Amino acid sequence: AYYDLSHVYRTIGVTQRNKEILENFVKIAETQYAVGMGIQQDVLKAHVEVSKMVDELIMLNQRKKALEAKINALLNRPPDTQVGEPEEVVFKKFNYMIEELQKMALKENPNLKGMKKMIEAKEKAYALAKREYYPDLNLRFAYGQRDNGPEMKRKDMLTGMVEINIPIFYKSKQERKVAEMRAEIQGIEAQYQAMKNELFFMITDMTSMIQRGERQLELYKTGIIPQTSLQIASAMSAYRVNKADFMTLLDSQMTLYKYELEYHLALTEYEKNVASLEAAVGKRFFQ
């Protein structure tokens, strides 16, 4: 929820900046049209794109309020509590290997740790059940103080008793109990193994998505976005000297806008995958 809110804030920023650029495009198109170097259709198209940006900003602000309410609900706070703007998400490279994460999960995952404790408790109960095969020996002593009467002196009394409980019916009673405890241990061990296998699969799958996200972010940051920015600069220069039409310039800008949004979305998904992996392993990776 936090990263979704952060993404909305970044999207609002990108959309607002794109709206301002398009408003400048409107002025350029109007100037070109006024001097007879442009057409009215370019001016109208630029106005339509600005209106789309205004509509997008309205929807994003509604989305922001919904996410703030969701975060307040998750934190058990009043719905109108001010959340504030999240810090800008900064990409951090993930440097953990799958085998390292799996070993970490065996040690830190709370569900696996809880299952281990259950197995230990059942094994102790199993050991106690096996001890019921042997006779129980109980020794009891009692001391009784007796008061003397006027005609009789009574000594205090000490009594003792030895009690032996022999498990005569161990085949029908104790043995069944031991077998039941053993079966419970085997059942929990099977659950533990299934949980561990599922956890290892999740770690492998999430790590793969994180690695794919890293490559995608690198491609956007070093390739797609810079190249599109250069394309816009080239289109702007060509348009000013009437060597390119306005639609080429506008399409280039909208393409850059789309790629910037895709970059922030990919960064958000990357951070959410890292957070999910932290929950699966049971440890924070980035402090």
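Does Tyr259 count as buried, partly exposed or exposed, and what is its relative accessibility? Hold that thought while we walk through the structure, which is a predicted model.

Start with the overall build. The protein has six helices and two strands. Read from the N terminus, the order is α-α-α-α-β-β-α-α.

Now look at the outline. The radius of gyration is 37 Å, whereas a compact globule of 287 residues would come near 19 Å. Along the principal axes, the C-alpha atoms fill a box of roughly 140 × 50 × 30 Å. Of the 287 residues, 33% are buried. About 18900 Å² is exposed, and carbon and sulfur atoms supply 54% of that area.

Charges come next. There are 42 positive and 39 negative side chains. The centres of these two sets lie 7 Å apart.

Turn to the aromatic rings. The whole structure holds six aromatic pairs. One of them joins Phe94 and Tyr96: the centres are 5.3 Å apart, the planes meet at 50°, and the pair is tilted. Phe94 has 7% relative accessibility, so it counts as buried. Tyr96, at 21%, counts as partly exposed.

Tyr220 and Tyr259 make another tilted pair, with 6.4 Å between centres and 55° between planes. Tyr220 sits in helix H5 (residues 174-240) and Tyr259 in helix H6 (residues 246-281), so this pair ties together parts 39 residues apart in sequence. Tyr220 is buried, at 9% relative accessibility. That brings back the opening question: Tyr259 has 22% relative accessibility, so it counts as partly exposed. The cut-off for buried is under 20%.

Finally, Phe94 and Tyr96 join Phe285 in one aromatic cluster.

Notes:
Residues numbered from 1 in each chain as written. Predicted model: local features only at pLDDT ≥ 70, side-chain atom pairs only at ≥ 80, totals over all residues. Heavy atoms only, no water. Helix = DSSP H or I, 4+ residues; strand = E, 2+ residues; numbered from the N terminus. Rg over C-alpha atoms; globule rule 2.2 N^0.38 Å. Buried < 20%, exposed > 50% of the residue type's maximum accessible area, 1.4 Å probe, protein only. Areas by Shrake-Rupley, 256 points an atom, 1.4 Å probe, with all protein chains shown as cover. Lys, Arg positive; Asp, Glu negative; His and termini not counted. Charge placed at Lys NZ, Arg CZ, Asp CG, Glu CD. Phe/Tyr/Trp six-rings, centres within 6.5 Å; stacked < 30°, edge-to-face > 60°.
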